[in-house]
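User: Please explain the terms that apply to the structure below. I want each label set against its cut-off.

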Amino acid sequence: PLHPHAPVFFDENQPILPQAEKKDLFLSYPFESMSHFIRLLNEAAVDPTVVSIKITLYRMAKNSKIIDALIKAHEFGKEVFAVVELRARFDEQNNIDWASHLEEAGVTLSYGLDRYKTHSKLCLITRKTEEGVQYITQVGTGNYNEKTAAQYTDMCLITANQEIGNDAAEFFLNISMGDTTPSPKHLLIAPKHFRKPLLAMIDEQTALAKQGKESSIIIKINSLTDKPLIDRLIEASKAGVPIHLIVRGICCLRSGLKDLTDTIEVIS
């Protein structure tokens, strides 16, 4: 059995909020535990400087400590805003149940956008200090689900970078008004601001390879079916960029084809 280890950059004897203010914190599930993120939420729930917690919820555990932390935050007078996506395949009833539980507790809910699934894993903690408004943002690739965080390989970034916090604040503001986010500065947010900057990053590596400079592309995704992205990866491979793809499910790009994709490696 796999037992998550304690991250060496966490001081277990100190609160996580001030540690996140000093430096970015990065967790890799399941090798490290989600308990540190849950600790962060519980700290924010009772911290007198915290005014709000905003979060997207796609799949939650049956006995969710994250839901408990959000309700606790509301009980301590924080503004808690949760975007619950009811169209999580096979988890619809579970999400409806948790949404009802949150609503009964007084948490403000949104059910996302009519035309799009809200699949982002984003949490924004807003603080009011003597220096002004400060953001702690968590961006993840996995669901806020303690059970799956112990099974699937996912990543969790906790950052006090204010520009990333501004993007997250804009995201939650837009979704509360029933709209998508058109032009974030740092986060890539679908559907309006995802493919274009991603293709630009691939082009940047292609240009470096053509100049004989060091280049590299590593992508970890659930599936790869987008033709413009596949075409651009083929162009990068033809230029000599080493490309490593970690694809959990469907992959429509064939690696190892002579003069086309021979610098591309795909693993599941």
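Analyst: The answers below take the sheets, the helix packing, the cavity and some backbone details in turn. This is a predicted model: local features need pLDDT of at least 70, side-chain atom pairs count only at pLDDT 80 or more, and totals for chains, interfaces and linings use all residues. Residues are numbered from 1 along each chain as its sequence is written, and side-chain values use heavy atoms, with hydrogens and water left out.

User: Why are S8 and S9 called paired strands?

Analyst: Strands are DSSP runs of E of at least two residues, helices are runs of H or I of at least four, and both are numbered from the N terminus. Two strands pair if DSSP finds at least two bridges between them. S8 and S9 (residues 243-247) run parallel and are joined by five bridges, so the condition of at least two is met. In this pairing Ile 217 faces Ile 243 of S9.

User: What makes S8 and S10 edge strands?

Analyst: The open sheet has three strands, ordered S8-S9-S10, with parallel pairing. S8 (217-221) and S10 (264-267) each pair on one side only. Neighbouring strands here are turned by 10° against each other on average, direction ignored.

User: Which helix packs on this sheet, and at what angle to S9?

Analyst: Helix H7 (residues 227-238) touches S8, S9 and S10, and its direction makes about 145° with that of S9. Contact means heavy atoms within 4.5 Å. Axes are lines fitted to C-alpha atoms, for helices over the stretch in contact, and angles run from 0 to 180 degrees between N-to-C directions.

User: Why is the pair H6 and H7 given the label it has?

Analyst: The axes of H6 (residues 195-210) and H7 cross at roughly 10° and come within 9 Å. Angles under 35 degrees count as roughly parallel, over 145 as roughly antiparallel, 65 to 115 as roughly perpendicular, and the rest as oblique. The crossing angle therefore makes H6 roughly parallel to H7. Among the contact residues are Leu 198, Leu 199 and Ile 202 of H6, and Leu 229, Arg 232 and Leu 233 of H7. By class, seven are nonpolar, one is polar and four are charged. Nonpolar covers Ala, Val, Leu, Ile, Met, Phe, Trp, Tyr, Cys and Pro; charged covers Asp, Glu, Lys and Arg; the others, Gly among them, are polar.

User: Why does the label for H2 and H3 follow from their axes?

Analyst: H2 (residues 35-46) and H3 (residues 65-75) have axes that cross at roughly 10° and come within 8 Å. H2 is therefore roughly parallel to H3. The residues in contact include Phe 37, Ile 38 and Leu 41 of H2, with Ile 66, Ala 69 and Lys 72 of H3. This contact has eight nonpolar, one polar and two charged residues.

User: Why do S1 and S4 stand at the edges of their sheet?

Analyst: The open sheet of seven strands has mixed pairing and the order S1-S7-S6-S5-S2-S3-S4. S1 (25-29) and S4 (108-110) each have a single partner strand, so one side of each is left without a neighbour in the sheet. The average turn between neighbouring strands is 15°, direction ignored.

User: In what sense do S6 and S7 pair, and over how many bridges?

Analyst: S6 (residues 132-140) and S7 (residues 154-159) are antiparallel, with four bridges. Gln 138 has Ile 158 as its bridge partner in S7. Helix H5 (residues 162-176) packs on the sheet, and its direction makes about 80° with that of S6.

User: What makes the void in this model a cavity?

Analyst: On a 1 Å grid over the protein atoms alone, a cavity is a set of points where a 1.4 Å probe fits but cannot get out, and lining residues have an atom within 4 Å of a point. Grid points are joined across faces, edges and corners, and a volume is the space filled by probe spheres set on the points. The count is one cavity of 30 Å³ or more, and the largest has a volume of about 30 Å³. Its lining includes Tyr 29, Met 34, Phe 37, Gln 138 and Met 155. The lining divides into five nonpolar, five polar and no charged residues.

User: Which omega values go with the cis peptide bonds at Pro 30 and Pro 191?

Analyst: Omega is about 0° between Tyr 29 and Pro 30, and near 5° from Ala 190 to Pro 191. Pro 30 lies in the loop between S1 and H2, and Pro 191 in the loop between H5 and H6.

User: What is the phi of Asp 259?

Analyst: Phi is near 65°, a positive value in a residue other than glycine. Asp 259 is in the loop between S9 and S10.

Technical notes: On a 1 Å grid over the protein atoms alone, a cavity is a set of points where a 1.4 Å probe fits but cannot get out, and a pocket is an open set with protein on both sides within 12 Å along at least five of seven lines; lining residues have an atom within 4 Å of a point.
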